[in-house]
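User: I'd like to learn how to read a protein model, one feature at a time. Could you walk me through this one?

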Amino acid sequence: MNAPTGMKQRAALSDYLAAERTVLAWIRTGLALMGFGFVVARFGLFLQQVQFLQHTPAAQSYGLSLWFGTALIAIGVIVNAFAGWQHLRLVRELDRGETDHSHPSIQAVAIAFFLALIGLAMAIYLLSVRGPTASQLANNGEISMAISKGEGIIDVPSQHSVDKTVENLKGILAAKGVALFALVDHGGEAEKVGMKMPPTKLLIFGNPKAGTPLMLAAPSVAIDLPLKILVWEDGQGKVWVSYNSPAYLQERHGLPQELLQNIAVVQTLAAKAGE
């Protein structure tokens, strides 16, 4: 029997298969967006870890990568949800024999423009993040070599003489309200007994508010407190600022992570003194 007038025939199998291929393609697009978003979100953490391993004193903020990555993940979720809804709607239309779809895919165009904007924003963001200069890379290399020579000791190159570096450090300590308990002039003491050695000065400083909680948590840390910074000149006339690595002291004495900041300040002090 012929179908009643006005009723449309159901779409062909090829139309259903085409619709299925389309939805699978959109699902792959959504998954790719979510995967790429995760990589972008973790990019900032990766850069921070690199800075930590290089002992960079002042870490830059890379929080924007988290927002970019989260946005991409959210768009991937929306794409998958919308693709599923669109597929169900298309199948219902095919069931009713409505196979006329000549209009362009607004979803595809919108996503293309959105990804173009995200890509442009990320390019601008990456260009705004200053990479390490050649001198910083050289300093990081020198620091790494110094650590390998003496376990737990970090040597930071100074741009000034020993005396000028010491004066810089004294000024920084005074500005921060940190007490300077002693200044030991090893080079001067050697000269008093008729011996020669390059300029070498040790500064011993600290703050009871920061040091006391450390000693209560791990009494053995008192052997390394107050904090010390050694300013010295090597045989080639290069000046160095040396201090005990906070991470090394934490491991040596079993200090809790939440108290590490109480001794991590030495890292910033040493870097600023040599600038």
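Analyst: Let's go through burial, packing and polar pairs in turn. Keep in mind that this is a predicted model.

User: Let's start with helix H8. Which of its residues are buried?

Analyst: For burial, look at relative accessible area: under 20% counts as buried, over 50% as exposed, and partly exposed is in between. In H8, which runs over residues 246–253, the buried ones are Pro246, Leu249, Gln250 and His253. Looking down the axis of H8, these buried residues fall within an arc of 100°, so they line one face of the helix.

User: And what covers the buried residues of H8?

Analyst: The cover includes strand E5 (239–244) and helix H9 (261–274). You can also look at what comes right after the helix: glycine 254 follows H8, and its phi is positive, near 65°.

User: Glutamine 250 caught my eye. Why does it count as buried?

Analyst: Glutamine 250 counts as buried because its relative accessibility is 16%, and the cut-off is under 20%. Its side chain makes a polar contact with the side chain of glutamine 257, at 3.0 Å. Setting aside neighbours within four places in sequence, glutamine 250 is in contact with Leu255, Pro256, Gln257 and Leu260.

User: Now the packing. Which residues of the largest nonpolar core touch the most other members?

Analyst: When you read a core, ask who belongs to it and which elements they come from. The largest nonpolar core here has 29 residues, and Phe205, Ile229 and Ile263 touch the most other members. At least two residues each come from strand E1 (153–157), helix H5 (162–176), strand E3 (200–206), strand E4 (227–233), E5 and H9. Another core lies apart from that one; it has 6 residues, among them Trp26, Leu33, Ile75 and Ala83.

User: What is phenylalanine 205 in contact with, leaving aside its neighbours within four places in sequence?

Analyst: On that basis, the contacts of phenylalanine 205 are Leu173, Val178, Ala179, Leu180, Phe181, Pro226, Leu227, Lys228, Ile229, Val266 and Leu269.

User: On to charges. How many salt bridges does the count come to?

Analyst: The count comes to 4 salt bridges. To read one, find the two side chains, then check where each residue sits and how buried it is. Take lysine 170 and glutamate 167, whose side chains meet in a salt bridge at 3.6 Å, N to O. Both residues lie in helix H5, 3 residues apart, which is about one turn of the helix. Lysine 170 is partly exposed, with a relative accessible area of 31%, and glutamate 167 is partly exposed too, at 47%.

User: Where do glutamate 189 and lysine 192 lie?

Analyst: That pair lies in helix H6 (residues 186–192), again 3 residues apart, about one turn of the helix. Their side chains form a salt bridge at 3.2 Å, N to O. Glutamate 189 is partly exposed, with a relative accessible area of 43%, whereas lysine 192 counts as exposed at 66%.

User: Which residue forms a salt bridge with arginine 252?

Analyst: The partner is aspartate 224, and the closest N and O atoms are 2.8 Å apart. Arginine 252 lies in helix H8, while aspartate 224 is in the loop between helix H7 (208–217) and E4, so this pair ties together parts that are 28 residues apart in sequence. Check burial as well: arginine 252 counts as partly exposed at 45%, but aspartate 224 is buried, with a relative accessible area of 10%.

User: Let's finish in helix H9. Is asparagine 262 buried or exposed?

Analyst: Asparagine 262 counts as buried, at 18% relative accessibility. Don't forget the backbone when you look for partners: the backbone oxygen of alanine 210 lies 2.9 Å from a polar atom of the side chain of asparagine 262. Beyond neighbours within four places in sequence, asparagine 262 is in contact with Ala210, Pro213 and Leu214.

User: And how far apart are alanine 264 and alanine 247 in space?

Analyst: The two are 8.3 Å apart, C-alpha to C-alpha, with their positions 17 residues apart in sequence numbering. Alanine 264 lies in helix H9 and is partly exposed, with a relative accessible area of 28%.

How values were computed
Residues are numbered from 1 along each chain as its sequence is written. This is a predicted model: local features need pLDDT of at least 70, side-chain atom pairs count only at pLDDT 80 or more; totals for chains, interfaces and linings use all residues. Side-chain values use heavy atoms; hydrogens and water are left out. Buried means under 20% relative accessible area, exposed over 50%, partly exposed in between (1.4 Å probe, protein chains only). Helices (H or I, at least four residues) and strands (E, at least two) are DSSP runs, numbered from the N terminus. The arc is that of the directions from the helix axis to the C-beta atoms. Contact means heavy atoms within 4.5 Å. A nonpolar core is a set of buried Ala, Val, Leu, Ile, Met, Phe, Trp, Tyr and Cys residues joined through side-chain atoms within 4.5 Å. A polar contact is a pair of N or O atoms within 3.5 Å; within protein, one must be able to donate a hydrogen and the other to accept it, and residues adjacent in sequence count only if both atoms are side-chain atoms.
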